[in-house]
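Please open the model in your viewer and keep the sequence beside it. The tour below suggests what to select at each stop and says what is found there.

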Amino acid sequence: MYLRPSLAVLAVAAIALTLAAPARAALNVFACEPEWGALATELGGDDVSVFVATTARQDPHQVQARPALIAHLRGADIAVCTGAELEIGWMPVLLRQSSNAKVQPGGSGYFEATQQVRLLEVPTRLDRAEGDIHPGGNPHVQTDPRYMRVIAAALAQRLAQLDAAHAAAYAQRAKAFDDKLGQAIPRWQAMAAPLKGVNIVIYHKAWIYLTSWLGMNEVATIEPKPGVPPGGAYLAQLLDDIPKRQARMVIYAAYQDARAPDFISEKAHIPAVMLPFTVGGTDAAVDLFGLYDDTIKRLLAALGGNGGRS
Ligand SMILES: [Zn+2]
């Protein structure tokens, strides 16, 4: 009879306190792509407020510099992007329009994932005739969790540098994330063992990190040159090549048009596999762990013959 009212009073007081002083995140993070938003959330927890500029259904090479994006970048403490010129068509405009000195390239509030790792497919010569190439190397590093581990360690350090008051918390979450990935990677590799040596057709050259990790071989691309859509003659040649090159499946990202992969699938009698490519690309890719897990499951399903569709 005595305890009850006093507990109720305490509860009310606690709610009032919560309302009076809402927990405020220390850092506003502007993530260019969903994978970096997911990583910032893993590492930052309650100490960050994350805005993700694009969705898994958007082509990160081609994004409109909308006023809403400029407004979000204006209030950001750090921009976390892929870099290696993936966002060259839109980030420079956003950075300029935001007038936010904190997030400009070269400063501590600008983080490029591709700066933390060694890139593959660095062109030996630059030629615009080779299509919309990535001159710094292939920027699509998020498809290999071993790269994600390296990038995570660097980003955690950067967050701690910007928000020294919570440095211990960033370090703790970075360790937990690294431990979890460290345990998952051998499991994924064991799961993906049947994919080793499998020949595949890709859409855009966006998979070298994944295929290198799993030991798959890219034997043809739907895009004749990076960023260039295929024409009829090219597709006919590709259909001719598929049996010769013993391609077992054609893969494409969630943001890409399914028509060309579906056409090839139908004509060449190999499954077309839509992969999440980033967090949110499929229902199962709810976070980075789901991204790698679902990618491998879909590839295995395609190899098993049901087309990898879901
Ligand atoms: Zn690309």
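**The sheet and its neighbours**

In this predicted model, begin by selecting the open sheet of four strands, whose order is β2-β1-β3-β4 and whose pairing is parallel. Colour β2 (48-52) and β4 (110-112) next: these two stand at the edges with a single partner strand each, so one side of each is left without a neighbour in the sheet. If you look along the sheet, neighbouring strands are turned against each other by 20° on average, with direction ignored.

Now select strand β3 (residues 78-81) together with β4, which pair in the parallel sense over three bridges; C81 has E112, in β4, as its bridge partner. Then add helix α3 (residues 67-74), which packs on the sheet and touches β1 (27-31), β2 and β3, its direction making about 145° with that of β1.

**Confidence**

Colour the protein by pLDDT, for which the mean is 91, with 89% of the residues reaching 70 or more. Select residues 12-18, where the pLDDT is below 50 and where the model has zero contacts beyond near neighbours in sequence. Then move to residues 306-310, where the pLDDT is also below 50, but where this stretch has 14 contacts beyond near neighbours in sequence.

**The largest pocket**

How much space lies in the largest pocket? About 270 Å³ lies there, and to find the place you can select E121, P123, I133, K205 and P226, the closest to its centre of the 14 residues that line this pocket. Colouring the lining by class gives four nonpolar, five polar and five charged residues.

Note on methods
Residues are numbered from 1 along each chain as its sequence is written. This is a predicted model: local features need pLDDT of at least 70, side-chain atom pairs count only at pLDDT 80 or more; totals for chains, interfaces and linings use all residues. Side-chain values use heavy atoms; hydrogens and water are left out. Two strands pair if DSSP finds at least two bridges between them. Axes are lines fitted to C-alpha atoms, for helices over the stretch in contact, and angles run from 0 to 180 degrees between N-to-C directions. Contact means heavy atoms within 4.5 Å. pLDDT is the predictor's confidence in each residue, from 0 to 100. On a 1 Å grid over the protein atoms alone, a cavity is a set of points where a 1.4 Å probe fits but cannot get out, and a pocket is an open set with protein on both sides within 12 Å along at least five of seven lines; lining residues have an atom within 4 Å of a point. Grid points are joined across faces, edges and corners, and a volume is the space filled by probe spheres set on the points. Ala, Val, Leu, Ile, Met, Phe, Trp, Tyr, Cys and Pro count as nonpolar, Asp, Glu, Lys and Arg as charged, and the others, Gly among them, as polar.
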